[in-house]
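Thank you all for coming. I would like to take a few minutes to walk through one model, beginning with a single residue and then widening the view.

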Amino acid sequence: AGDAVVALFGCNQHDVVLMITERGIVHSRRAYQIPSSSRTAQGTPLHQLLPIEPTERVQGFLAVPADEMKGLTQMRASVSAADTDASDTGDADTGDADTGDVDNDNSGGDALLLITRGGFIKKTPLKAFVRMQSRGLIAITLGEGDELLRALRCPGGAAGGVRARASVVVASAKANCIRFSIEDDALRPTGRSSRGVRAMLLRPEDELVDADLLSDEWDDETGYSLTRDENADDETETDDEAEAVIDEPIPAKAAETDETETDETSGSYVLAVTAGGYGKRVPTSAFRVQKRGGRGVICLKFKKGATAAAGGLDRLVALRECSASDEVLLSTAKGTAVRQAVGKISEQGRTATGVLIQRLDAGDSVASVAVLPRREDDEEEEAESEGEDEEIEESD
């Protein structure tokens, strides 16, 4: 009880798994150094594998293929050699200075995107983490009372200077969110020791609770997705309007709108889940790209009277990109885990309340949300089940 799934990813035996703790320290292990176990096993405590305290949490995991890590090491070595020739005072081994070419040059590969609960974000090239030390490397400098929330891998430069446009959406406990570009012109790559820049302006007693990358293209003038429905309502609001919406009562019909299930398997969605067990999925196109550092827009209205654990007010716990063919694993504070299809969760507008997707016991609340790709064996079992049903109908 009290444990929850925070990450699920695939890797090969010789891949390098980067693990970033809540204190902003990066540790690495080869995948084969992590003991393998059965699907239902509890696993090995991370403090037995890493030089961390038993109470310290690992907030981010990233699997880097072995051949890619080798290429990053060679790239780092060549840049360090060039930097040494150009300057007698440069220290190519530390890579901590924000002005160092080793860390700031993002033209050669992907980067590590770090988001803190206090509303800060930074981007550091992956090649800054190839020379790992036994005690780990500093990935981010955290302010007093702040801690790392998520660590994501984001696209960097590619051959010919062509790379996919990428953006990130960050969300707060009070259901405000903001989506902004993470390209180099909007979010400059910095060194390992930097604190980062402001991702979202938070209101008093609010904090970031989740963040995820969004992959669809957007229009530079409007900020909206190029796939957005032209007939969709413009749901933008000013900071004052957004604050007023948070506190206003939810009409009785608001929680009942658009509660229809869908069998769509294409398209990108953002899944929003609250601690009280309410959730919905919203088309990614409903979130326009804004400038970093603003208050953002509403991503969910809390149902009137909804509470989380210990009778507290409901709060947002997850905002993740998904598709209707994915599955979601909800874990509660008391250790209950429920897996369900994303396609069965109601598709609603950005400011809608959502529907009850997880019934909770008294004093319990949703603690974590993990989006899982649908397993092939599940699809085969479903296809076999449908075939059996057809045979039964024909025999009748």
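Let me start with a question: does Ala 175 count as buried or exposed? What we are looking at is a predicted model, and in it Ala 175 has a relative accessibility of 0%, so this residue counts as buried, the cut-off being under 20%. As for where it sits, Ala 175 belongs to the loop that links strand S8, residues 167-172, to strand S9, residues 176-181. Its backbone also deserves a remark, since the phi of Ala 175 is near 70°, a positive value in a residue that is not glycine. As background, most residues other than glycine have a negative phi.

A second residue with a positive phi is Glu 205, which is likewise not a glycine and has a value of about 60°. Glu 205 lies in the loop between S10 and strand S11, the latter covering residues 208-214. Here the relative accessibility is 81%, and because the cut-off for exposed is over 50%, Glu 205 counts as exposed. To put the two side by side, Ala 175 is buried, whereas Glu 205 is exposed.

Let me now turn to a sheet. Four strands form an open sheet in the order S7-S4-S5-S10, and their pairing is antiparallel. Strand S7, residues 148-154, and strand S10, residues 197-198, are at the edges with a single partner strand each, and therefore one side of each has no neighbour in the sheet. Within this sheet, strand S4, which spans residues 111-116, pairs with S7 in the antiparallel sense over six bridges. If you would like to find that pairing on the screen, look for Leu 112, whose bridge partner in S7 is Arg 153.

Further along the chain, Ser 368 is found in strand S20, residues 366-372. With a relative accessibility of 11%, Ser 368 counts as buried. The C-alpha atom of Ser 368 is 6.1 Å from that of Leu 330, although the two residues are 38 apart along the chain.

Finally, the chain as a whole. The protein chain contains four helices and 20 strands, and of its 396 residues, 45% are buried. Among contacts with a separation of 6 or more, 74% are between residues 24 or more positions apart. The exposed area of the protein chain is about 20,200 Å², of which carbon and sulfur atoms supply 46%.

I will stop there, and I am happy to go back to any of these residues.

Terms used
Residues are numbered from 1 along each chain as its sequence is written. This is a predicted model: local features need pLDDT of at least 70, side-chain atom pairs count only at pLDDT 80 or more; totals for chains, interfaces and linings use all residues. Side-chain values use heavy atoms; hydrogens and water are left out. Helices (H or I, at least four residues) and strands (E, at least two) are DSSP runs, numbered from the N terminus. Buried means under 20% relative accessible area, exposed over 50%, partly exposed in between (1.4 Å probe, protein chains only). Contact means heavy atoms within 4.5 Å. Accessible areas come from the Shrake-Rupley method with a 1.4 Å probe; for residues, only the protein chains shown count as cover. Two strands pair if DSSP finds at least two bridges between them.
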